[in-house]
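Please load the model in your viewer, with the sequence panel open beside it, and follow the selections below in order. Each stop says what to select and then what is to be found there.

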Amino acid sequence: MANQNSMNPIDVSRLGQINATGDANAMFLKVFSGEVLQVFEEANVMMPLHTVRTISSGKTAQFPVMGTASAKYHTPGESILGSGLDSSGSDGVLDEAKYLSKVKHAERTISIDGTLVSSAFIADIDEAKNHYDVRSGYTTAIGRELAYHSDRALIRTVIAGARATTDRFGVAAGTSTQFLGAAINETGADTAYTAAEMVTAIASIAQKMDEKNVPAEGRYVLLTPAEYYKLVSSGNDAINTDFGGMGSIATGEVAQVAGIRILKSNHIPNGNEANTIFDDAAIANNPFGGSAGYSANFGNTVGVAFQTEGVGTVKLLDLGLESEYQLDRLGTLMVAKYAMGHGVLREECCYEIVTA
């Protein structure tokens with residue numbers, strides 16, 4: 001055996017080098033943990049909290065709406081159906097009935113918007129090279145994006161109901177018989193809500209709902225996280241530490257204010273959304289009364305309040321996921337899609353919380 005001088009290095013074949021030069025670890029496989037980090041899922045709250053109708057065919061759905069009845073004390077001997085001849089007693093025409101209610105009827109029509117699509121394509125060669133599965137992550141991501149879109153569109157529809165100037169019977173704002181929601185403004189001298197002012201705003205919404213005979217069940221407020229956590233850290237403004245049922249700082253929750261359930265959402269709009277996905281010619285509904293779409297200027301919006309009867313959704317095609325191998329492209333196409341539309345049903349159930 002040849003005597004090797006320890007002071008003279010020998011040629012060693014480094015398995016990790018590329019072309020026997022450079023980084024000795026370049027070709028070694030990185031240890032795969034088995035976990036793929038994805039974007040955290042956002043809260044999606046609106047779909048179970050409003051009126052949804054599914055249709056098997058067609059492009060629109062009608063929602064009948066009715067007004068209220070009247071009452072009158074009866075005069076003995078008078079007919080409830082009518083009061084006889086007209087006041088002159090000459091033309092034989094019956095007077096209008098004094099006691100019968102004239103119940104208003106109207107309808108709200110919600111159209112199906114164009115098919116909303118989210119998709120991804122995976123090439124065979126890329127999938128073969130990759131050492132972890134991406135298909136499940138991709139299908140989750142594209143399906144989740146459609147769910148987020150519906151949540152955002154529904155919140156904007158609530159705002160449209162709050163900004164309406166005539167109710168479902170065509171009665172204008174300022175009339176004592178109108179059924180309308182409202183924009184609730186911050187009451188202080190500055191342009192931001194304090195926790196106490198937010199509690200006052202929510203109480204004002206509850207009062208307006210009561211005055212318009214909105215059912216007490218199914219009332220919700222959605223706030224941006226910034227506004228929500230003002231309430232959490234407010235001391236006793238919204239967190240009651242002495243009496244139960246109001247949430248706690250420990251859990252980071254505000255349960256209710258003035259009987260209205262408080263939720264938070266990242267989908268509250270902010271800014272002018274003209275020329276965005278919510279201002280698209282494929283959208284058949286126009287809840288804001290202008291051009292079709294769910295877009296408007298939301299620069300001062302910090303939250304919404306609504307009752308479950310306030311807005312409605314019509315579904316033609318519910319959320320579905322499909323995949324197909326395309327031989328001519330040597331890859332797999334994954335598509336998520338749905339066809340639905342959103343509209344205002346009862347304006348008096350819709351409120352917008354805005355800064356000054």
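Helices (H or I, at least four residues) and strands (E, at least two) are here DSSP runs, numbered from the N terminus, and the model they are taken from is a predicted one.

With that numbering in hand, select Leu 330, whose place is in the loop between β10 and β11. The phi of Leu 330 is near 55°, a positive value in a residue other than glycine, and at 48% relative accessibility the residue counts as partly exposed.

Now extend the selection to the strands on either side of this loop, β10 at residues 311–326 and β11 at residues 331–344, which run antiparallel and are joined by 13 bridges. To check the register, pick Lys 315 and look across to β11, where its bridge partner is Met 340.

These two strands belong to an open sheet of four strands with mixed pairing, in the order β1-β10-β11-β4. At its edges are β1 (51–54) and β4 (116–123), each of which pairs on one side only. If you look along the sheet, neighbouring strands are turned against each other by 25° on average, with direction ignored.

Next, select helix α2, residues 135–163, which lies across β4, β10 and β11 and runs at about 15° to β11. The helix also lies across β5, β6, β9 and β12 (350–354), where its direction is at about 95° to β12.

Keeping α2 visible, display the second group of strands: six of them form an open sheet in the order β5-β12-β9-β6-β8-β7, again with mixed pairing. The edges are taken by β5 (182–185) and β7 (256–257), each with a single partner strand, so that one side of each is left without a neighbour in the sheet. Inside this sheet, β6 and β9 pair in the antiparallel sense over five bridges, and a useful pair to label is Val 221 with its bridge partner in β9, Ala 305.

Which residues have the most contacts inside the largest nonpolar core? Select Met 46, Ile 155, Val 158, Leu 222, Val 304 and Phe 306, which have the most contacts inside this core of 29 residues. At least two residues of the core come from each of β4, α2, β6 (219–223), β9 and β11, and α2 gives the most, with seven residues. Centre the view on Ile 155: leaving aside its neighbours within four places in sequence, Ile 155 is in contact with Met 46, Leu 222, Ser 265, His 267, Ile 268, Pro 269 and Val 304. Apart from this core lies another, of 26 residues, among them Tyr 193, Ile 202, Met 209 and Ile 262.

The next stop is the loop between β7 and β8, in which Ala 258 lies. Ala 258 has a positive phi of about 55° although it is not a glycine, and with a relative accessible area of 46% it is partly exposed.

Then go to the loop between β8 (260–264) and β9 (301–307) and select Ser 295. Is Ser 295 buried or exposed? Its relative accessible area is 17%, and because buried means under 20%, Ser 295 is buried. Beyond its neighbours within four places in sequence, Ser 295 is in contact with Glu 273, Ala 274, Phe 278, Asp 279 and Phe 288.

For the aromatic side chains, turn to Tyr 228 and Tyr 229, one of the four aromatic pairs that a search of the whole structure finds. Their ring centres are 5.2 Å apart and their planes stand at 80°, so the pair is edge-to-face. Tyr 228 counts as buried at 4% relative accessibility, whereas Tyr 229 counts as partly exposed at 38%. Add Lys 264 to the view, and its charged end is found over the ring of Tyr 228, 4.9 Å from the centre. A further case is Arg 168, which lies over the face of Phe 179 at 5.1 Å from the ring centre.

Finish at strand β2, residues 60–66, where the side chains alternate: Ala 61, Phe 63 and Val 65 point to one face and are buried, while Thr 60, Gln 62, Pro 64 and Met 66 point to the other and are not. β2 pairs with β3 (residues 105–111) in the antiparallel sense over seven bridges, and the bridge partner of Val 65 in β3 is Ala 106.

Note on methods
Residues numbered from 1 in each chain as written. Predicted model: local features only at pLDDT ≥ 70, side-chain atom pairs only at ≥ 80, totals over all residues. Heavy atoms only, no water. Phe/Tyr/Trp six-rings, centres within 6.5 Å; stacked < 30°, edge-to-face > 60°. Buried < 20%, exposed > 50% of the residue type's maximum accessible area, 1.4 Å probe, protein only. Lys NZ or Arg CZ within 6 Å of the ring centre and 35° of its normal. Pairing = 2+ DSSP bridges. Axes fitted to C-alpha atoms, helices over the stretch in contact; angles between N-to-C directions. Contact = heavy atoms within 4.5 Å. Core = buried A, V, L, I, M, F, W, Y, C linked by side-chain atoms within 4.5 Å.
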